[in-house]
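Hi,

Here is the structure I promised to pass on. Have a look at it first, and then read my notes below.

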Amino acid sequence: MIDTDGLRTRLRELEEVKDEVIETGVKVNRLSKSVIYSLIRDDIETARKYIREMQDLVNKLRELIAKYPMYYNNAVISLQEYVEAMTMWFFMTENRIPSPGELGVDAEPYINGIADFTGELSRKATEEMIKNNLDFALKAKRVMEELYLDLLSLEPRDYEMRKKVDYVSSNINWLNEKIFYKTLNIKVVQEQSSKNSNVNNSLE
């Protein structure tokens, strides 16, 4: 007969580990969103605090899946969220995109996280345009276009990953539209200001 006692012990161990991986991942996801939200609001110190907490949890997640690799798929989305948040951090604080080695992740969560980052960058660019910072939006657009070409050149076979690459393209188109209307609005305001100035000069 089979060793039911040994199997039961091992089964309970695996169940507990799986639950821990999932629970840790949920916390990483929540902190990732908090980091991004703080960065969009230009609250660097709060973002830094959340990053420290997130990094500890990601380290724990890495240790768990290194010991129990069968649960990698339960952690991959959280690693992707981590990449998204950290890419936003490096872009906003150092004006660069981190490498997968720097973040300690494999290709899949890195690529998907980079793609998701473009959505948050587009949100940040919109916030900056509201504050009349068109230069930031134009810089964000250039970065997104470069990332899109890079991701496209990878020719991913995975359907979900191809959808992520298409998502980057959609973000570029969306931001282009916002930039167009903002530029148009600036032009209208300038023309109206010029007309008012001419009228005032003629009355003097």
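**What I found**

After H3 comes Asn95, which has a positive phi, near 55°. One thing to keep in mind throughout is that this is a predicted model.

Let me stay with Asn95 for a moment. You'll find Asn95 in the loop between H3 and helix H4, which covers 100-103. A positive phi, near 55°, belongs here to a residue other than glycine. H3 itself takes in residues 72-94, so to speak 23 residues in total, and it runs 30 Å from its first C-alpha to its last. The span expected at 1.5 Å a residue is 33 Å, and H3 comes close to that.

What does H3 pack against? One partner is H2: their axes come within 10 Å and cross at roughly 150°. Since angles over 145 degrees count as roughly antiparallel, that makes H2 roughly antiparallel to H3. Their crossing is left-handed. Plenty of side chains take part, so here are just some of them: on H2 the contact includes Ile44, Ala47, Ile51, Met54, Val58, Leu61 and Ile65, and on H3 it includes Tyr72, Ala75, Leu79, Tyr82, Met86 and Trp89.Next, the loop between H1 and H2. Asp42 is found there, and its phi is near 65°, again a positive value in a residue other than glycine. Is Asp42 buried, exposed or partly exposed? Its relative accessible area is 41%, and because buried means under 20% and exposed over 50%, Asp42 counts as partly exposed. Asp43 sits in the loop between H1 and H2 too, with H2 covering 44-67. Asp43 is also partly exposed, at a relative accessible area of 25%. If you want a sense of distance, Asp43 and Lys164 are 121 residues apart in sequence and 28 Å apart in space, C-alpha to C-alpha.

On the other side of that loop is H1, residues 4-40, which packs with H5 at an angle of about 25°, the axes being 10 Å apart. Angles under 35 degrees count as roughly parallel, so H1 is roughly parallel to H5. The crossing of H1 and H5 is right-handed. Which residues meet there? From H1 they are Ile36, Leu39 and Ile40, and from H5 they are Glu120, Arg123, Lys124 and Glu127.

H5 spans residues 107-130 and holds Glu128. Glu128 has 8% relative accessibility, so it counts as buried. The side chain of Glu128 makes a polar contact of 2.9 Å with that of Lys124, and Lys124 is one of the H5 residues that meet H1. Leaving aside neighbours within four places in sequence, Glu128 is in contact with Asp42, Asn133 and Phe136. Asp42 is the loop residue with the positive phi from above.

Phe136 leads on to H6, where it is one of the buried residues. The others are Leu134, Ala137, Ala140, Val143, Met144, Leu147 and Leu151. H6 takes in residues 134-153, which is 20 residues, and reaches 29 Å from its first C-alpha to its last, close to the 28 Å expected at 1.5 Å a residue. Just after H6, Glu155 has a positive phi of about 50°.

Cheers

Definitions and conventions: Residues numbered from 1 in each chain as written. Predicted model: local features only at pLDDT ≥ 70, side-chain atom pairs only at ≥ 80, totals over all residues. Heavy atoms only, no water. Helix = DSSP H or I, 4+ residues; strand = E, 2+ residues; numbered from the N terminus. Buried < 20%, exposed > 50% of the residue type's maximum accessible area, 1.4 Å probe, protein only. Polar contact = N/O pair within 3.5 Å; in protein donor to acceptor, adjacent residues only side chain to side chain. Contact = heavy atoms within 4.5 Å. Expected span 1.5 Å × (residues − 1). Axes fitted to C-alpha atoms, helices over the stretch in contact; angles between N-to-C directions. Parallel < 35°, antiparallel > 145°, perpendicular 65-115°, else oblique. Left-handed = near helix turned anticlockwise from the far one by under 90°.
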